[in-house]
Amino acid sequence: MSTQQWIPVCHENQLLPDAGVAALLGERQLALFYVSAKQQFFVLDNLDPVTGAQVMARGLIGNQGEQWYVASPLLKQRYCLHSGQSLDDDQVALPSWPARCINGMVEVALPEAA
Amino acid sequence: MSLTRLALVGNGMVGHHLLQNLADQGVLAQFAITVFSEEPLLAYDRVQLTKYMEHGSAEDLSLGSMAQYQAWGIEVKAGVVIETLDTEQQVITASDGTQHKYDQLVLATGSYPFVPPVPGHDGPACHVYRTIPDLDGIKAAATRARSGVVIGGGLLGLEAAKALVDLGLDTHVVEFADRLMIQQLDAEGGELLGAKIRALGVKVHTQKNTQAIVPLQEGGVQLQFADGEVLETDLVVFSAGIRPRDQLARQAGLSVGERGGIVINDQCQTSAANVYAVGECALWQQRIFGLVAPGYQMAKVVVSQLLGQEAGFSGADMSTKLKLLGVDVASIGDAQGRTEGAKSYRLFDEYHGHYHKLVVDAKGEHLLGAILVGDATQYSDLLQIYLNRMSLPEHPEMLLWSADDNADSGVGQMVLPDSATICSCHNVTKGDVVSAVQGGCCSLADVKQQTRAATGCGGCVQALNNVVQSSLQDLGMEVSSDLCEHFAYTRQELYDLVRVEGLKSFAEVLQQHGQGLGCEICKPTLASILASCWNDYVLAGEHVAQQDSNDRYLANIQKDGSYSVVPRVPAGEIKPQQLIVLGEVAQEFGLYSKITGGQRVDLFGARQEQLPAIWQRLLDAGFETGHAYGKSVRTVKSCVGSTWCRYGVGNSVGLALDLENRYKGVRSPHKLKFAVSGCTRECAEAQSKDIGVIATDKGWNLYICGNGGMRPRHADLLATDLDQATLISYIDRLLMFYIKTADRLQRTSTWLENLAGGLDYVRQVVIEDKLGLATQLEAQMQALVDAYQCEWRTTLADPQAVARFQPFVNTQASDSSIVMVSEREQMRPATSSERINLFQEIA
């Protein structure tokens with residue numbers, strides 16, 4: 001049974017349209033993205049798995065066909081905005097979480113802290 | 001099996017080519033090779049001798065090097081003359097007394113310049129133009145001379161005249177015949193060439209038979225001609241043809257021709273067993289070939305013979321294309337129309353100063369020859385038609401117009417056979433190029449590297465490019481030149497759209513010409529194009545989301561997510577107080593400091609949120625942003641120049657300051673590095689920069705498209721002795737032309753390598769203004785210069801922009817993931833194992 005809870009992170013006007021910003025929840029860094037064309041919100045882990053640096057929020061977002069992604073600002077590996085799955089390496093994926101915007105507040109659904 | 005002892009006498013271009021060929025075939029191990037070189041320098045590119053006059057560096061021309069020959073296991077005896085040859089015993093004796101037995105001997109002794117035996121021909125004022133020492137002699141003499149005369153108005157004579165012009169001499173050309181280049185041109189062509197060269201200030205004297213060269217009391221000499229006229233000058237250069245160097249062969253009793261030359265058969269064998277001759281010393285069917293390409297073919301034939309393979313020399317095409325004193329001249333096949341029944345088509349364009357002539361056979365079916373003066377753009381097309389005996393189109397006169405004027409002329413439509421030679425210097429056929437493309441070469445530059453085509457005289461680059469492009473298309477790998485899936489345009493097309501339609505943001509361009517969200521390819525590309533066109537603040541609301549990692553934070557992102565900071569230090573000139581501030585900032589913010597190659601200071605390890613505070617300090621101390629993060633003009637490196645240096649000729653720091661302050665921050669397809677040297681010692685290493693300037697006693701020499709780094713490229717000399725205003729107008733034009741036409745992330749060096757038409761084309765656009773773009777390009781650059789702003793100053797004035805440097809949107813906390821350790825008393829990022837240890841200690 002899902003024990004996730006929606007946690008408010010910031011106001012939507014603190015996001016950068018069609019780019020990312022980082023947020024800190026406890027020890028975890030999140031990368032928040034807002035795609036203005038579809039008015040959709042996405043949250044991935046901010047940790048670039050290839051370099052170990054907390055930089056994913058600083059990547060450029062784009063699409064390959066139907067797939068929307070963010071490219072690492074360091075070495076340009078691409079990760080699906082929906083699933084966190086790497087587009088360049090089957091073995092690699094970023095943690096990803098559902099996101100929504102309620103009354104102007106961007107919320108992310110994290111599993112209940114253990 | 002014992003090794004074949006191969007002796008090679010002569011280490012010129014052809015001799016070197018033979019060795020290169022053995023190396024390419026991987027058969028060096030079968031031979032014990034000894035090379036005898038009379039010149040102390042190893043093989044160099046004699047065809048490019050005039051470049052030596054321009055660059056002044058023998059290394060630029062060198063083909064063979066001691067290290068290379070050593071790696072090949074070849075023994076080299078430099079500065080040694082072979083004095084005798086005993087074909088019975090198969091032994092040669094060198095000037096140092098040593099004797100060498102050979103199994104196979106190749107004579108590649110080349111030729112010497114013919115000096116007509118007129119009285120006074122051997123005086124101190126008389127020179128020849130053949131070797132690097134000859135050129136050094138001319139250079140030295142020119143320092144005490146005002147005027148110079150070249151005797152001989154042939155191809156080499158005009159090259160020599162160019163050298164004298166470059167040396168600043170009042171230059172004369174004296175020719176026995178009634179026109180210049182009598183071997184290659186007809187009366188009209190020679191006449192036009194003469195007129196063009198006269199217009200450049202060179203005095204041309206035809207129908208002059210020099211009878212004596214008389215020394216004058218006050219120095220210099222007087223040339224006395226058969227018609228009674230005289231000409232006084234300080235320096236004479238003979239260029240009256242070449243004669244084969246066949247002394248050794250004569251001494252050994254080999255067959256030689258009546259007028260010299262070592263007789264060879266189709267296998268390049270001389271009359272003695274196991275002795276070959278190649279290049280300009282060899283006489284084949286009563287002919288000496290004074291060009292390098294036939295020599296290369298002979299060298300290949302000999303290599304085949306040595307390896308026991310069938311091969312023969314069957315003559316060579318003597319067609320040629322050159323730029324003489326800036327005038328394009330080309331001659332193909334039977335240019336004079338001597339073949340029986342030959343007819344010609346001629347176009348004499350007095351308005352533009354072009355003369356084009358086609359010689360066709362009696363039936364008008366095949367091209368026998370051609371002459372092009374003033375504009376030789378059709379050369380490679382015509383040469384292909386001639387070499388491959390392709391049927392002429394119904395209206396051969398169409399071929400008189402250059403491809404530019406007539407894109408659909410017969411030439412473009414005609415299909416070359418695979419056997420067609422594209423590059424005659426390296427004997428590369430169309431088939432070779434096609435297989436290189438099939439083997440994975442995807443660009444002109446790749447193919448050049450792989451096949452060596454267009455790396456000799458470079459005359460075939462246009463033809464090569466056509467074959468490369470059409471082969472790519474045939475393969476269906478028609479490398480889509482679209483930028484990415486979001487824009488069905490090339491970078492250049494997008495640039496033109498942005499300019500012409502006045503588009504100001506990525507969103508606008510995407511909406512009108514693209515689809516989807518964009519990507520990490522097209523976003524930075526368009527951000528760069530927009531900045532190159534309008535030079536807006538890159539972090540303005542409509543631009544910020546498209547900036548790549550570095551531009552978005554106006555700093556250079558490092559592996560751990562921290563940033564480095566590089567303030568501009570124009571020309572590398574820095575006040576002591578500014579140095580102190582740099583030190584204070586580094587200390588205060590705990591930054592690692594390193595001096596860059598571009599004469600600035602790089603401060604590493606800044607956290608994102610520290611950047612605004614660091615920049616506030618730097619701006620207060622008078623620094624500006626250094627654009628080290630941008631694909632843009634970086635630095636103008638300089639030496640101290642004439643202000644301090646005892647050798648300095650020009651004020652290199654002053655010019656470098658002007659250049660850096662003019663072009664700072666101009667965004668381009670890739671980064672741009674400049675340098676200015678105050679004399680030819682070149683301490684600023686300008687010839688490895690995108691834009692390099694070197695002071696001369698008459699102004700500035702401009703070098704372009706050099707590169708250090710991964711693929712070093714020596715810069716090309718674009719123009720000499722410029723005043724500062726002209727220099728800047730050329731740089732304006734060149735940079736804007738590069739910005740307009742280059743691919744994304746293409747450095748100027750690869751841009752030039754891939755540009756069809758190469759350096760000549762750049763010269764036409766930048767100097768001759770062939771496209772009529774010069775004024776526009778200059779105005780566009782001026783607009784960029786006028787729109788300059790220090791991006792950090794603008795950023796600090798905008799609280800919203802400053803807020804974006806906070807690492808987290810939901811807290812003021814700083815990023816604990818960036819961890820530094822100390823090494824050599826400075827900070828550096830912790831390695832992953834160090835981080836684990838550190839965290840364990842804390843826990």
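This is a short talk on chain B: its domains, its confidence, one pocket and one hairpin.

Okay, hi everyone. First thing to keep in mind: what you're looking at is a predicted model. So, how does chain B divide up? The domain assignment gives domain 1 as 4-112 plus 244-306, domain 2 as 126-240, domain 3 as 491-547 and domain 4 as 556-786. To get a feel for the spacing, take domain 1 of chain B and domain 3 of chain B: their C-alpha centres are 58 Å apart.

Now, how far does the predictor trust this? Chain B has a mean pLDDT of 90, with 96% of its residues at 70 or more. The high point is strand β33 of chain B, residues 672-677, at 98, while the low point is helix α11 of chain B, residues 410-413, with a mean of 43. Around that helix, residues 405-413 of chain B stay under 50, and the model gives that stretch nine contacts beyond four places in sequence.

On to the part you'll probably want to poke at, the second largest pocket. Its volume is about 1100 Å³. There are 31 lining residues, and the ones closest to the centre are Q469(B), S481(B), T490(B), D743(B) and N754(B). Which elements give two or more residues to that lining? Those are α14 (461-474), α15 (491-501), α22 (724-741) and α23 (748-754) of chain B. Helix α14(B) has the largest share, with four residues. Chemically, the lining is a mix: 13 nonpolar, 11 polar and seven charged residues. And where does the pocket sit? Domain 3 and domain 4 of chain B both contribute lining residues, so the pocket lies between them.

Last stop, a hairpin. In chain B, strand β30 (592-595) and strand β31 (601-606) pair antiparallel over four bridges. Facing V601(B) in β31(B) you'll find I595(B). Five residues separate β30(B) from β31(B) in this hairpin, and in the turn Q599(B) has a positive phi of about 65°.

That's it from me, thanks.

Definitions and conventions. Residues numbered from 1 in each chain as written. Chains lettered and ligands numbered in written order. Predicted model: local features only at pLDDT ≥ 70, side-chain atom pairs only at ≥ 80, totals over all residues. Heavy atoms only, no water. Domains from an automatic or database assignment. pLDDT = per-residue confidence, 0-100. Contact = heavy atoms within 4.5 Å. 1 Å grid on protein atoms, 1.4 Å probe; cavity = no way out; pocket = protein on both sides within 12 Å on 5 of 7 lines; lining within 4 Å. Points joined across faces, edges and corners; volume = space filled by probe spheres on them. Nonpolar A, V, L, I, M, F, W, Y, C, P; charged D, E, K, R; others polar. Pairing = 2+ DSSP bridges.
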